[in-house]
Amino acid sequence: MTSATSLAPRAGRHCHSVVNPFHSTHYFSPDLNDELAKLGVEDRSAGYFAVRAAAMGAVGPGTVTATFYNFSHALVARHVPAVWDLVTPEAALAARLRAADRTLRRLLGEEALASPEMAEAAKLALRAAEAGSRSARPLFAAHADLPVPDAPHLAYWHAATLLREHRGDAHLAALLHAGLDGLEALVTHTASGRGMSYLGVMRTRGWSEEEWAAAQERLRGRGLLDADGELTEAGIRLREELEDTTDRLDRAPYEHLGAEGVARLTEIGGAFTQAAMAAGAFPAELFGR
């Protein structure tokens with residue numbers, strides 16, 4: 001039985017789709033690499049694992065693999081826990097915030113950062129994140145314990161981080177329920193045309209061509225992928241069910257914000273994300289087909 005909702009279908013998903021990229025800009029930014037290099041972390045994968053896991057403390061490779069889900073454990077173990085010998089979690093978090101500040105200033109400009117709309121976006125996103133549940137959501141829970149930055153653009157970035165990790169943690173529960181491991185999740189998402197491209201996955205997630213092919217064979221055995229590597233009708237339905245389940249598990253923040261607030265955050269958050277994308281925030285070759 002589905003509980004009543006005040007939101008239009010997929011309103012929360014649509015809002016997340018414009019808020020999440022605002023958070024993600026720093027992952028593709030030279031500013032993050034620069035800030036981490038100053039601390040002795042020069043490998044991009046090591047830096048990513050450090051800044052995203054740092055809210056949980058100096059965790060080991062098992063925790064990172066479990067919470068990040070779609071990275072090869074061999075790649076994770078190559079860098080964790082060794083990265084903590086180069087940078088403490090506290091220093092990684094500080095470097096990440098400096099990089100986010102530099103990146104957003106470069107992409108959006110000072111006028112946008114000081115605008116009333118930025119302050120409004122921060123207020124709305126933080127209000128939504130108040131209703132996030134820590135239960136079975138390790139990345140959200142860890143980031144929810146961090147202080148909110150004072151500057152409006154960083155407060156919005158922090159809130160976007162919370163909303164991203166809340167939905168991400170929920171999505172992992174949906175993937176587990178569907179019986180998809182991390183690589184199978186990537187293969188089906190790539191096949192949908194909405195996820196990272198094959199190039200993007202192989203460049204960043206640490207899987208081999210043989211492991212990718214083996215995952216494809218497992219999915220063909222379940223009737224989810226055809227001989228050409230495309231989703232079957234069953235595969236398309238499964239991806240839709242995954243997103244619907246994630247929507248349900250991620251509904252609380254957007255219900256708390258309310259239909260009017262969600263619509264407004266989608267509007268102004270979308271404008272900031274579009275501006276960042278127009279300024280070259282994301283490498284096109286890593287996404288879609």
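Me: What makes H3 count as mostly covered?

Reply: Of the 10 residues of H3, 9 are buried, and buried here means under 20% relative accessible area, with exposed over 50% and partly exposed in between (1.4 Å probe, protein chains only). The buried residues are Ser-45, Ala-46, Gly-47, Tyr-48, Phe-49, Ala-50, Val-51, Arg-52 and Ala-53. The model is a predicted one, in which local features need pLDDT of at least 70 and side-chain atom pairs count only at pLDDT 80 or more, while totals for chains, interfaces and linings use all residues. Residues are numbered from 1 along each chain as its sequence is written, and side-chain values use heavy atoms, with hydrogens and water left out.

Me: Which helices do the buried residues of H3 pack against?

Reply: They pack against H2 (30–37), H4, H5 (73–79), H6, H9 (138–144) and H10, where contact means heavy atoms within 4.5 Å. The helix names follow DSSP runs numbered from the N terminus, a helix being H or I with at least four residues and a strand being E with at least two.

Me: Why is the aromatic pair of Tyr-48 and Phe-68 called edge-to-face?

Reply: The search of the whole structure finds 11 aromatic pairs. In one of them, Tyr-48 and Phe-68 lie 5.8 Å centre to centre with 75 degrees between the planes. Rings of Phe, Tyr and Trp (its six-membered ring) pair if their centres lie within 6.5 Å, and planes under 30 degrees apart count as stacked, over 60 as edge-to-face and the rest as tilted, so both values meet the terms for an edge-to-face pair. This pair links distant parts of the chain, with Tyr-48 in H3 (residues 44–53) and Phe-68 in H4 (residues 61–68), 20 residues apart. Tyr-48 and Phe-68 are both buried, and ring pairs join them with Tyr-27, Phe-49 and Phe-71 into a cluster.

Me: How do you know that the charged end of Arg-52 sits over the ring of Phe-68?

Reply: The charged end of Arg-52 is 4.6 Å from the centre of the Phe-68 ring, and a charge sits over a ring if NZ of Lys or CZ of Arg is within 6 Å of the ring centre and within 35 degrees of the ring normal. The distance therefore satisfies the first of these conditions, and the assignment as sitting over the ring implies the second.

Me: What describes the way in which H6 and H10 pack?

Reply: H6 (residues 89–108) and H10 (residues 152–178) pack at an angle of about 115 degrees, with their axes 10 Å apart. The axes are lines fitted to C-alpha atoms, for helices over the stretch in contact, and angles run from 0 to 180 degrees between N-to-C directions. Arg-96, Leu-97, Ala-100, Asp-101, Leu-104 and Arg-105 in H6 meet His-153, Leu-154, Trp-157 and Thr-161 in H10. By class, this contact has 5 nonpolar, 2 polar and 3 charged residues, where Ala, Val, Leu, Ile, Met, Phe, Trp, Tyr, Cys and Pro count as nonpolar, Asp, Glu, Lys and Arg as charged, and the others, Gly among them, as polar.

Me: Why is Ser-133 called partly exposed?

Reply: Ser-133 has a relative accessible area of 27%, which falls between the limits for buried and exposed and therefore makes it partly exposed. Ser-133 is found in the loop between H8 (116–129) and H9, and, leaving aside its neighbours within four places in sequence, is in contact with Phe-140 and His-166. The C-alpha atoms of Ser-133 and His-166 are separated by 7.7 Å, although the two are 33 residues apart along the chain.

Me: What makes Ala-136 count as exposed?

Reply: Its relative accessibility is 75%, over the limit for exposed, so Ala-136 counts as exposed. Ala-136 also lies in the loop between H8 and H9, and has a positive phi of about 60 degrees although it is not a glycine.

Me: How do you know that Gly-258 counts as buried?

Reply: At 17% relative accessibility, Gly-258 is under the limit and therefore counts as buried. Gly-258 is in H15 (residues 251–278), and its C-alpha atom is separated by 8.7 Å from that of Ala-128, 130 residues apart along the chain.
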